[in-house]
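Colleague: I should like a close look at the ligand site of this model, followed by an account of the contacts elsewhere in the chain. Please begin with one particular contact.

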Amino acid sequence: MTVMNQDTNQRVIGAAPVGARDRESAAKAVREMFTSIAPRYDLLNHVLSLNIDRWWWWRTARKFDAILKHPNARVLDLCCGTGDMTFALRQRAASGTAQILGADFSHAMLQRAAVKGSGTTLRWIEADALQLPFPDGHFNLITSAFGFRNLADYDAGLLEIARVLAPSGEVGILDFGEPGGLMGYGYRIYFKKVLPAVGTMISGVRGPYAYLPASVERFPAPNEMLERMHQAGFSDPSWTPYTFGIAGLYRGMKKP
Ligand SMILES: C[S@@+](CC[C@H](N)C(=O)[O-])C[C@H]1O[C@@H](n2cnc3c(N)ncnc32)[C@H](O)[C@@H]1O
């Protein structure tokens, strides 16, 4: 999808599921896609990632211990889906008093998060990442695991995150990458051929698991993503590859 930003005349970069014509239709297609796979999402996640996803969430949450253990920290897990990143944050916060909120625009995904999180102090909210229902400067930490890549406009997503973060608040975006070398070659075969076939078989839904490799291919490379974070107002953005770069964590701090 190529849409121009009328103010800056720059190309808008974001997720582009097949058939999407603009930002609205792309967001609608993404929401319907995740809603359609919600019943099997957790199972598929763990099977297709060989359970490495659990380690990625834990590793991400651990990086933000200083904030999570802070009394009264406000934390938002954006595009929380069925909540596994949110639970990893809760675990690291331990007995701390951090207020942790998971947000997603798929009701079906959130329903599963709420069931899994019953009996905890976690809260869930149905919201679009590009139009968050929070005041400026509200959160000390915002994470997003494997969700940011699905936004219809990455720059608008970064600006919205920066808006609701407090000065010196931090962002952590965990998402897929494309490993290079021989490892990358083998991985691409798995990601483009095996994963869509197994995903379609288990979920019973054609489409979402072909969209996954396409969306990763479309996602900016680390250098470009870091520049976009910088432009959105994050100081010293960094990227840490996980598992040979199959995934990686983008971090940044909102300028004080
Ligand atoms: C691949 S899932 C990731 C879920 C979870 N964070 C995890 O690590 O398993 C992506 C999630 O992002 C959500 N999402 C995509 N675009 C969104 C948007 N604009 N606003 C809110 N949620 C969005 C989808 O509904 C979906 O639940």
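At what distance does a backbone N or O atom of F105 lie from a nitrogen atom of the ligand?

Modeller: The distance between a backbone N or O atom of F105 and a nitrogen atom of the ligand is 3.2 Å. This is a predicted model, in which local features need pLDDT of at least 70 and side-chain atom pairs count only at pLDDT 80 or more, while totals for chains, interfaces and linings use all residues. Residues are numbered from 1 along each chain as its sequence is written, and side-chain values use heavy atoms, with hydrogens and water left out.

Two further atom pairs belong with that of F105, where a polar contact is a pair of N or O atoms within 3.5 Å (within protein, one must be able to donate a hydrogen and the other to accept it, and residues adjacent in sequence count only if both atoms are side-chain atoms). D104 places a polar side-chain atom 2.7 Å from an oxygen atom of the ligand. C79 uses its backbone, an N or O atom of which lies 2.9 Å from a nitrogen atom of the ligand. When the ligand is taken alone it exposes 600 Å², and the protein buries 97% of that area (Shrake-Rupley method, 1.4 Å probe; for residues, only the protein chains shown count as cover).

The space that the ligand takes is the largest pocket. Two elements, α1 (23–37) and α2, give two or more residues to the shell around the ligand. A pocket is an open set of points on a 1 Å grid over the protein atoms alone, with protein on both sides within 12 Å along at least five of seven lines; in a cavity, by contrast, a 1.4 Å probe fits but cannot get out, and lining residues have an atom within 4 Å of a point. A molecule sits in either if more than half of its atoms lie within 2 Å of the grid points. Helices (H or I, at least four residues) and strands (E, at least two) are DSSP runs, numbered from the N terminus.

There are 20 residues around the ligand, and Y41, C79, D104, A129 and A145 come nearest (near: a heavy atom within 4 Å). C79 also merits attention for its backbone: this residue, which is not a glycine, has a positive phi of about 55 degrees. Its place is the loop between β3 (74–78) and α5 (84–93). A positive phi, near 60 degrees, is also found at F244, again a residue other than glycine. F244 belongs to the loop between β8 (234–242) and β9 and is exposed at 64% relative accessibility (buried: under 20% relative accessible area; exposed: over 50%; partly exposed: in between; 1.4 Å probe, protein chains only).

I turn next to the charged pairs. The model has 12 salt bridges, each a side-chain nitrogen of Lys or Arg within 4 Å of a carboxyl oxygen of Asp or Glu. K116 and D42 form one of them, at 2.8 Å from N to O. This pair joins distant parts of the chain, 74 residues apart: K116 is in helix α6 (residues 107–116) and D42 in helix α2 (residues 41–48). K116 is partly exposed, at 35% relative accessible area.

R149 and D175 form another salt bridge, at 2.6 Å from N to O. Here the loop between β6 (139–145) and α7 (154–164), which holds R149, is linked to strand β7 (residues 165–176), which holds D175, across 26 residues. R149 is buried at 2% relative accessibility, and D175 is buried at 1%.

Strand β7 also supplies E170, whose side chain meets that of R251 in a salt bridge of 2.9 Å, N to O. R251 lies in strand β9 (residues 247–254), 81 residues away from E170. E170 is buried at 15% relative accessibility, whereas R251 is partly exposed at 22%. Shared partners join D42, D84 and K116 into one network of salt bridges.

An uncharged partner appears at N51, whose side chain makes a polar contact of 3.2 Å with that of R54. N51 lies in the loop between α2 and α3 (52–63) and is partly exposed, with a relative accessible area of 38%.
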